[in-house]
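I am opening a notebook page for a structure that is new to me. I want to look up a few features in turn and write down what I find.

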Amino acid sequence: QVQLVESGGGLVQAGGSLRLSCAASGSIFRVNAMGWYRQAPGKQRDLLASITIEGNTNYADSVKGRFTISRNNAKNTVYLQMNSLKPEDTAVYYCNADLFDDDLDYAEYWGQGTQVTVSS
């Protein structure tokens, strides 16, 4: 059994900051790539940032320079530091992980999503 549990979402004013966390737990052998996505109402789910187990990162143009993805491999946790938030950042944010469980089955897992609302 594997779960991804998110925290850190909420309401913030434009220009403010939030830090999202997502911890993978359960019968995990190894977490490989992790990422953050977001989905606004009526829109597709978009990849914002990803990070490999080696720490290599990739960012969408819309968040480059404002958001920073990082991870703690010992804790199987990925973070998203969000600065200079804009109203258009309002969305449900999801974390993602590709991992091997203790049975060495490989699969993609998703968090439940956390709401981020940025007021003008």
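These entries go through the core, the disulfide, one buried loop residue and one strand.

**Entry 1, the model.** I note at the start that I am working from a predicted model.

**Entry 2, the core.** I looked up the largest nonpolar core and found that it has 30 residues, with Trp36, Phe67, Val78, Leu80, Met82 and Tyr93 making the most contacts inside it. I then looked up where these core residues come from, and at least two are supplied by each of β1 (2-7), β3 (18-26), β4 (28-39), β5 (46-51), β7 (67-72), β8 (77-82), β9 and β11. The largest share, five residues, belongs to β9. As background I wrote down that nonpolar side chains in soluble globular proteins tend to be buried together.

**Entry 3, Phe67.** I listed the contacts of Phe67, leaving out its neighbours within four places in sequence, and found among them Leu48, Tyr59, Leu80, Met82 and Tyr93, as well as Arg38 and Asp89.

**Entry 4, the disulfide.** How many disulfides does a search of the whole structure find? The search returns one, formed by Cys22 and Cys95 with their sulfur atoms 1.9 Å apart. Cys22 belongs to strand β3 and Cys95 to strand β9, so the pair ties together parts that lie 73 residues apart in sequence. The link of Cys22 and Cys95 is right-handed, with 45° about the S-S bond. I also checked burial: Cys22 is buried at a relative accessible area of 0%, and Cys95 is buried at 0% relative accessibility.

**Entry 5, Asp89.** Is Asp89 buried or exposed? I find Asp89 in the loop between β8 and β9, and its relative accessible area is 1%, under the 20% cut-off, so Asp89 counts as buried. The side chain of Asp89 is joined to that of Arg66 by a polar contact of 2.8 Å. Not counting residues up to four places away in sequence, Asp89 touches Arg38, Arg66, Phe67, Ser84, Val116 and Val118.

**Entry 6, strand β11.** Two of those contacts, Val116 and Val118, led me to β11 (residues 114-119), where they share the covered face with Thr114, while Gln115, Thr117 and Ser119 make up the uncovered one. Which strands pair with β11? Strand β2 (residues 10-13) pairs with β11 in the parallel sense over four bridges, and Leu11 stands opposite Thr117 there. Strand β9 (residues 91-101) runs antiparallel to β11 and is joined to it by three bridges, with Val92 having Gln115 as its bridge partner.

Definitions and conventions
Residues are numbered from 1 along each chain as its sequence is written. This is a predicted model: local features need pLDDT of at least 70, side-chain atom pairs count only at pLDDT 80 or more; totals for chains, interfaces and linings use all residues. Side-chain values use heavy atoms; hydrogens and water are left out. Buried means under 20% relative accessible area, exposed over 50%, partly exposed in between (1.4 Å probe, protein chains only). Two strands pair if DSSP finds at least two bridges between them. A nonpolar core is a set of buried Ala, Val, Leu, Ile, Met, Phe, Trp, Tyr and Cys residues joined through side-chain atoms within 4.5 Å. Contact means heavy atoms within 4.5 Å. A disulfide is a pair of cysteine sulfur atoms within 2.5 Å. A polar contact is a pair of N or O atoms within 3.5 Å; within protein, one must be able to donate a hydrogen and the other to accept it, and residues adjacent in sequence count only if both atoms are side-chain atoms.
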